[in-house]
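Work through the three exercises below with the sequence and the structure at hand, and try each task before reading its solution.

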Amino acid sequence: MRVLVTEPLPGKGIQLLSDRYQVTVGERGEFDRVSELKKVIGNYDALLSCLSNPVSREVLQEGKNLKIVSNYAVGYNNIDIKAAEELGILVANTPDVLTEATADCAFALLLSVARRIREAEDHLRAGRFTGWHPFGFLGSELHGKKAGVLGMGRIGRAFAKRAAGFGMTVCYHNRKPLDAETERRYHAHFIDSVDELVQTCDILSLHVPLSPDTKHLIDKERIAMMTPDTIIINTARGPIIEEEALASALHDGRLGGAGLDVFEKEPEVHPLLLSAPNCVLLPHIGSATHKTRGRMSALAASSIISHLEGKPDHAIPALVFQRPRKE
Ligand code: DGY
């Protein structure tokens with residue numbers, strides 16, 4: 001069996017695959033275009049892809065021997081899931097293992113924005129620190145604030161837990177409310193609509209997957225509904241926010257701040273965001289801890305191994321969808 005891993009990865013995943021199969025590891029960026037993936041995919045039984053690899057219908061159709069695509073990410077918006085389902089190609093991802101790291105990153109962004117950490121540090125490094133100042137870098141504290149969590153899946157809940165621990169009240173919007181016991185565990189109150197959530201919270205943290213339904217969920221109109229102190233945090237996917245509208249609102253002082261780990265057209269960052277006040281920008285590092293990235297590679301590899309060994313769909317560690325069972 002032949003496996004393509006699109007670029008070198010941390011952890012044991014590649015070794016686990018190489019112990020069993022003929023593995024090709026691409027170079028960083030080599031498979032970031034459909035044309036490059038299309039050229040070679042017909043030679044492989046399995047693909048371990050990254051979120052920068054466009055696993056489109058065209059690519060999947062060329063994968064005449066392809067049985068499974070395992071994505072080194074929890075998000076799988078880079079893969080045409082419908083096409084994969086139609087073509088009988090399984091898709092796996094890496095849920096659970098990156099939950100805590102990503103929620104930590106969202107919280108790091110939140111603290112940085114609320115306490116103006118980046119600005120204050122820049123000031124010090126520029127040699128402008130002249131001593132304690134009564135008006136120096138006044139920010140806001142999290143205690144007593146209302147955190148709004150949009151998308152109460154694994155990462156949303158982990159963010160909610162942190163928010164409650166910091167003395168914030170937590171409200172959330174989700175397609176379906178959580179059961180009462182889970183709501184109690186996360187001290188979270190369900191809000192019926194996205195509009196109401198964005199209007200009532202002090203901090204909005206995004207934790208929904210990217211899909212046609214969530215693209216620009218936070219658009220110009222919703223940004224206009226927020227109070228001028230609202231802080232937006234995005235560690236999910238860039239296109240969930242209308243980036244230009246967010247940047248304009250920050251420039252006009254219509255928002256309290258933003259902490260972003262993801263962007264609409266990665267790796268490009270909107271120039272207006274780069275110059276916006278009280279905005280902390282990170283290069284998509286939500287899951288970037290040694291432990292998490294190692295666990296992601298082992299999990300992505302083990303889904304491939306389970307499938308190539310002939311295990312039934314329900315025994316594969318992290319499938320995005322299961323094929324209907326044959327009677
Ligand atoms: C994911 O898994 O979707 C992350 O964005 C990768 O770090």
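A pocket, as the word is used here, is an open set of grid points where a 1.4 Å probe fits, with protein on both sides within 12 Å along at least five of seven lines. The model to which this is applied is a predicted one.

**Exercise 1.** Describe the space in the second largest pocket and the residues that line this pocket.

*Solution.* Begin with the volume: the second largest pocket holds about 400 Å³ of space. Next, turn to its lining, which is made up of 17 residues, and note that Ala120, His133, Gly136, Phe137 and Leu138 are the ones nearest the centre. Finally, sort the lining by class, which gives seven nonpolar, seven polar and three charged residues.

**Exercise 2.** Find which residues surround the ligand, and then find which side chains place an N or O atom beside a ligand oxygen.

*Solution.* The residues around the ligand are Leu51, Ala73, Val74, Gly75, Leu98, Arg237, His284, Ser287 and Arg293. By class, this shell contains four nonpolar, three polar and two charged residues. Now look at the distances: a side-chain N or O atom of Arg237 is 2.6 Å from an oxygen atom of the ligand, and the side chain of Ser287 also has an N or O atom 2.6 Å from a ligand oxygen. For His284, a polar side-chain atom lies 2.7 Å from an oxygen atom of the ligand. As a last step, consider the surface of the ligand, which exposes 240 Å² when taken alone, and of which the protein buries 91%.

**Exercise 3.** Explain why Cys105 forms no disulfide, and decide whether Cys105 is buried or exposed.

*Solution.* A disulfide requires two cysteine sulfur atoms within 2.5 Å. The closest cysteine sulfur to that of Cys105 belongs to Cys279 and is 14 Å away, so the two are too far apart for a bond. Cys105 has a relative accessibility of 9% and therefore counts as buried. Cys171 is likewise in no disulfide, since the nearest cysteine sulfur, in Cys201, is 5.7 Å away. With 2% relative accessibility, Cys171 counts as buried. The count of disulfides by this rule is zero.

Key
Residues are numbered from 1 along each chain as its sequence is written. This is a predicted model: local features need pLDDT of at least 70, side-chain atom pairs count only at pLDDT 80 or more; totals for chains, interfaces and linings use all residues. Side-chain values use heavy atoms; hydrogens and water are left out. On a 1 Å grid over the protein atoms alone, a cavity is a set of points where a 1.4 Å probe fits but cannot get out, and a pocket is an open set with protein on both sides within 12 Å along at least five of seven lines; lining residues have an atom within 4 Å of a point. Grid points are joined across faces, edges and corners, and a volume is the space filled by probe spheres set on the points. Ala, Val, Leu, Ile, Met, Phe, Trp, Tyr, Cys and Pro count as nonpolar, Asp, Glu, Lys and Arg as charged, and the others, Gly among them, as polar. A residue is near a molecule or strand if one of its heavy atoms lies within 4 Å of it. A polar contact is a pair of N or O atoms within 3.5 Å; within protein, one must be able to donate a hydrogen and the other to accept it, and residues adjacent in sequence count only if both atoms are side-chain atoms. Accessible areas come from the Shrake-Rupley method with a 1.4 Å probe; for residues, only the protein chains shown count as cover. Buried means under 20% relative accessible area, exposed over 50%, partly exposed in between (1.4 Å probe, protein chains only).
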